[in-house]
Amino acid sequence: MAFERVCALSEVPENGSLRVELADIDVAVVRFEGEVYALEDKCSHADVPLTEGDVETFHGAPTIECWLHGSCFDLRTGEPTNLPATEPVDVYPVRVEGEDVLVDTEVNAATSVIQPSGAAGE
């Protein structure tokens with residue numbers, strides 16, 4: 001795994017998201033109910049930034065909504081929770097170390113056993 005620092009925890013609003021532009025990919029770093037998540041910042045349906053949408057609970061899942069057509073994506077798995085999106089977005093392992101948010105974009109967390117990191121640096 002290749003974790004890299006992407007931002008400070010204080011830069012990510014609680015129940016909100018921050019777009020981080022890395023060399024090869026744009027990542028949405030999301031805080032929701034004390035957890036920190038990272039996913040590709042691109043809707044699989046319309047190719048628009050997910051960070052422009054709302055972070056909320058949808059059908060019991062923590063999600064981020066695509067502002068253009070309303071598809072929501074589960075922050076834990078990247079799976080769409082409603083139409084029109086039918087394809088998932090990549091999610092990435094996250095670690096919080098003190099004030100630093102670290103993300104590994106080389107691994108899709110949806111297919112690994114790593115869970116999101118608590119904002120307290122668990």
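# Reading an all-strand predicted model

A: As a starting point, in this predicted model Arg95 lies over the face of Phe3, at 4.1 Å from the ring centre.

Q: How many aromatic pairs does the structure hold?
A: Ring pairs are a separate feature from a charge over a ring, and here the structure holds 0 aromatic pairs.

Q: Turning to the overall fold, how many helices and how many strands are there in the protein?
A: The protein has 0 helices and 11 strands, and read from the N terminus on, its elements run β-β-β-β-β-β-β-β-β-β-β.

Q: What radius of gyration does the protein have, and what would a compact globule with 122 residues have?
A: A compact globule with 122 residues would have a radius of gyration near 14 Å, and because the protein has 13 Å, the value agrees with that expectation. The C-alpha trace spans about 35 × 25 × 25 Å along its principal axes, and buried residues make up 47% of the 122 residues. As for how the chain meets itself, 38% of the contacts between residues at least 6 apart in sequence join residues at least 24 apart.

Q: How do strands of a sheet pair?
A: Strands of a sheet pair through backbone hydrogen bonds, and the arrangement may be either parallel or antiparallel. In this structure, one open sheet is formed by 3 strands in the order S1-S10-S9, with antiparallel pairing. Its edge strands are strand S1 (4-8) and strand S9 (94-97), each of which pairs on one side only. Neighbouring strands of this sheet are turned by 30 degrees against each other on average, with direction ignored.

Q: Over how many bridges do S9 and strand S10 pair, and which residue in S10 stands opposite Val96?
A: S9 and strand S10 (residues 100-103) pair in the antiparallel sense over 4 bridges, and within this pairing Val96 stands opposite Val101 in S10.

Q: In what order do the strands S5, S6 and S7 form an open sheet?
A: These 3 strands form an open sheet in the order S5-S6-S7, again with antiparallel pairing. The edge strands are S5 and strand S7 (72-74), and each of them pairs on one side only. Here the neighbouring strands are turned by 45 degrees against each other on average, direction ignored.

Q: Which residues face one another between S5 and S6, and how many residues lie between the two strands of their hairpin?
A: S5 and strand S6 (residues 61-65) pair in the antiparallel sense over 4 bridges. Following the register, Val55 has Ile64 in S6 as its bridge partner, Thr57 stands opposite Pro62, and Phe58 stands opposite Ala61. The two strands form a hairpin with 2 residues between them, and in the turn His59 has a positive phi of about 55 degrees.

Q: What can be said of the hairpin of S6 and S7?
A: S6 and S7 pair in the antiparallel sense over 3 bridges, and in this register Thr63 stands opposite Asp74 in S7. Their hairpin has 6 residues between the strands, and there Gly70 takes a positive phi near 90 degrees.

Q: Why is S6 largely enclosed by the rest of the structure?
A: The reasoning rests on burial, for which the cut-off is a relative accessible area under 20%. Since 4 of the 5 residues of S6 are buried, this strand is largely enclosed by the rest of the structure. Thr63, whose place is in strand S6, has a relative accessible area of 0% and is therefore buried. Not counting residues up to four places away in sequence, Thr63 touches a set of residues including Val55, Thr57, Phe58, Cys72, Phe73, Asp74 and Thr81.

Q: Is Thr51, in the loop between S4 and strand S5, buried or exposed?
A: Thr51 is found in the loop between S4 and strand S5 (55-58), and because its relative accessibility is 17%, Thr51 counts as buried. Leaving aside its neighbours within four places in sequence, Thr51 is in contact with Ser17, Leu18, Arg19, Ala28, Asp41 and Ile64, and Ile64 is also the bridge partner of Val55.

Q: Where is Tyr37 placed, and is this residue buried or exposed?
A: Tyr37 is in strand S4 (residues 35-40), and its relative accessibility of 7% is why Tyr37 counts as buried. The C-alpha atoms of Tyr37 and Val6, which are 31 residues apart along the chain, are separated by 12 Å.

Note on methods: Residues are numbered from 1 along each chain as its sequence is written. This is a predicted model: local features need pLDDT of at least 70, side-chain atom pairs count only at pLDDT 80 or more; totals for chains, interfaces and linings use all residues. Side-chain values use heavy atoms; hydrogens and water are left out. Buried means under 20% relative accessible area, exposed over 50%, partly exposed in between (1.4 Å probe, protein chains only). Two strands pair if DSSP finds at least two bridges between them. Axes are lines fitted to C-alpha atoms, for helices over the stretch in contact, and angles run from 0 to 180 degrees between N-to-C directions. Rings of Phe, Tyr and Trp (its six-membered ring) pair if their centres lie within 6.5 Å; planes under 30 degrees apart count as stacked, over 60 as edge-to-face and the rest as tilted. A charge sits over a ring if NZ of Lys or CZ of Arg is within 6 Å of the ring centre and within 35 degrees of the ring normal. Contact means heavy atoms within 4.5 Å. The radius of gyration is taken over C-alpha atoms; the globule rule is 2.2 Å times the number of residues to the power 0.38.
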